[in-house]
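Here are some notes for a first reading of this structure, set out as numbered points. Please keep the sequence and the 3D view open while you go through them.

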Amino acid sequence: MLKIQNLAVHYGMIQAVHDVSFEVNQGEIVTLIGANGAGKTTILRTISGLIRPSQGSITFEDNEITKTAPQKIVANGLSQVPEGRHVFSGLSVMENLEMGAYLRKDGEIKTDYEQVFQKFPVLKERKNQDAATLSGGEQQMLAMGRALMSKPKLLLLDEPSMGLAPIFIKEIFSIIQEINQQGTTILLIEQNAKMALSVADRGYVLETGKVVLSGTGQELLESEEVKKAYLGG
Ligand SMILES: Nc1ncnc2c1ncn2[C@@H]1O[C@H](COP(=O)(O)OP(=O)(O)OP(=O)(O)O)[C@@H](O)[C@H]1O
Ligand SMILES: [Mg+2]
């Protein structure tokens, strides 16, 4: 569904991503794990069309999207939940969800709000509240709900567990699995390697902009290198 080939990304003179290749098949949860500064967000933003690569190609459903405009990429069915959530403050929860649907032309938007509220009941309770007043966990839910309103075929999640209490982390990961079971393919970026690998079909380990290991979620959880570097021994 998504194929990244020999991707390189530079910020001016500094190279953040070196010759990265990986793929995501339809129906999978694939995770990209790595420490601070490994290049995870850079890769995600490049897939979304927000940064242009200096080398390599990105193919989504057999279409080369390496030079496609970000809004066209979203309209094609590839949406991102950005690192740090970035909900729109000054807008209500409902208005934030509406923003997620603004590129859609079909008439099913109403039932999709209901589906988002089923997954995240707290958003329904707070639908008229300013998004800025939500807790961190609730903002993550809103950012995910907003992305779901674009009806993505492939959802990119950038560190959804960041800064959340363990109970929220569990809930967010179980909702990620639910979204996947309902037919959305997922590329999950995480520093929380244990949680990410335990829900992922496959994973890739990124170090200083390079893929250094790959395997099934289970294989990586059991790998000595991963245990030592990412699972606290
Ligand atoms: N706008 C930018 N200008 C210059 N360098 C940048 C920029 N954004 C990121 N970098 C550099 O690129 C490298 C990769 O950063 P990136 O944000 O992709 O890492 P990350 O894996 O998402 O880290 P984290 O887990 O902390 O979010 C880092 O060395 C970072 O300093
Ligand atoms: Mg990041």
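1. A polar contact makes a convenient starting place in this predicted model: a backbone N or O atom of Ala 38 lies 3.2 Å from an oxygen atom of ligand 1. An oxygen atom of ligand 1 is also found 2.9 Å from a polar backbone atom of Gly 39, and an oxygen atom of the ligand lies 2.9 Å from an N or O atom in the side chain of Glu 83. Taken alone, ligand 1 exposes 630 Å², and the protein buries 60% of that area.

2. What surrounds ligand 1, and which residues are the closest? The ligand has 13 residues around it, and the closest are Asn 36, Gly 37, Lys 40, Thr 41 and Thr 42. Sorted by class, this shell holds four nonpolar, six polar and three charged residues. Helix H1, which spans residues 40–47, gives the most to the shell, with three residues.

3. The second ligand is a magnesium ion, and the model shows it coordinated by Thr 41 through OG1 and by Glu 83 through OE, at 1.9 to 2.3 Å. Thr 41 belongs to helix H1, whereas Glu 83 sits in the loop between strand E6 (78–81) and helix H3 (93–100), so the pair ties together parts that are 42 residues apart in sequence.

4. Are these two residues buried or exposed? Thr 41 has a relative accessible area of 22%, and because buried means under 20%, this residue is counted as partly exposed. Glu 83, at 29% relative accessibility, is likewise counted as partly exposed.

5. Strand E8 (residues 185–190) deserves a separate look. Six of its six residues are buried, so the strand is largely enclosed by the rest of the structure. In a regular strand, side chains alternate between the two faces of the sheet. In E8 both faces are covered, with Thr 185, Leu 187 and Ile 189 buried on one side and Ile 186, Leu 188 and Glu 190 buried on the other.

6. Which strands pair with E8? Strand E3 (residues 29–33) pairs with E8 in the parallel sense over five bridges, and Ile 33 stands opposite Glu 190 in E8. Strand E7 (residues 154–158) also pairs with E8 in the parallel sense over five bridges, and here Asp 158 stands opposite Ile 189.

Note on methods:
Residues are numbered from 1 along each chain as its sequence is written. Chains are lettered from A and ligands numbered from 1 in the order in which they are written. This is a predicted model: local features need pLDDT of at least 70, side-chain atom pairs count only at pLDDT 80 or more; totals for chains, interfaces and linings use all residues. Side-chain values use heavy atoms; hydrogens and water are left out. A residue is near a molecule or strand if one of its heavy atoms lies within 4 Å of it. A polar contact is a pair of N or O atoms within 3.5 Å; within protein, one must be able to donate a hydrogen and the other to accept it, and residues adjacent in sequence count only if both atoms are side-chain atoms. Accessible areas come from the Shrake-Rupley method with a 1.4 Å probe; for residues, only the protein chains shown count as cover. Helices (H or I, at least four residues) and strands (E, at least two) are DSSP runs, numbered from the N terminus. Ala, Val, Leu, Ile, Met, Phe, Trp, Tyr, Cys and Pro count as nonpolar, Asp, Glu, Lys and Arg as charged, and the others, Gly among them, as polar. Donors are N, O and S atoms within 2.8 Å of the metal (3.2 Å for Na, K and Ca); water is not among the atoms, so sites may look incomplete. Buried means under 20% relative accessible area, exposed over 50%, partly exposed in between (1.4 Å probe, protein chains only). Two strands pair if DSSP finds at least two bridges between them.
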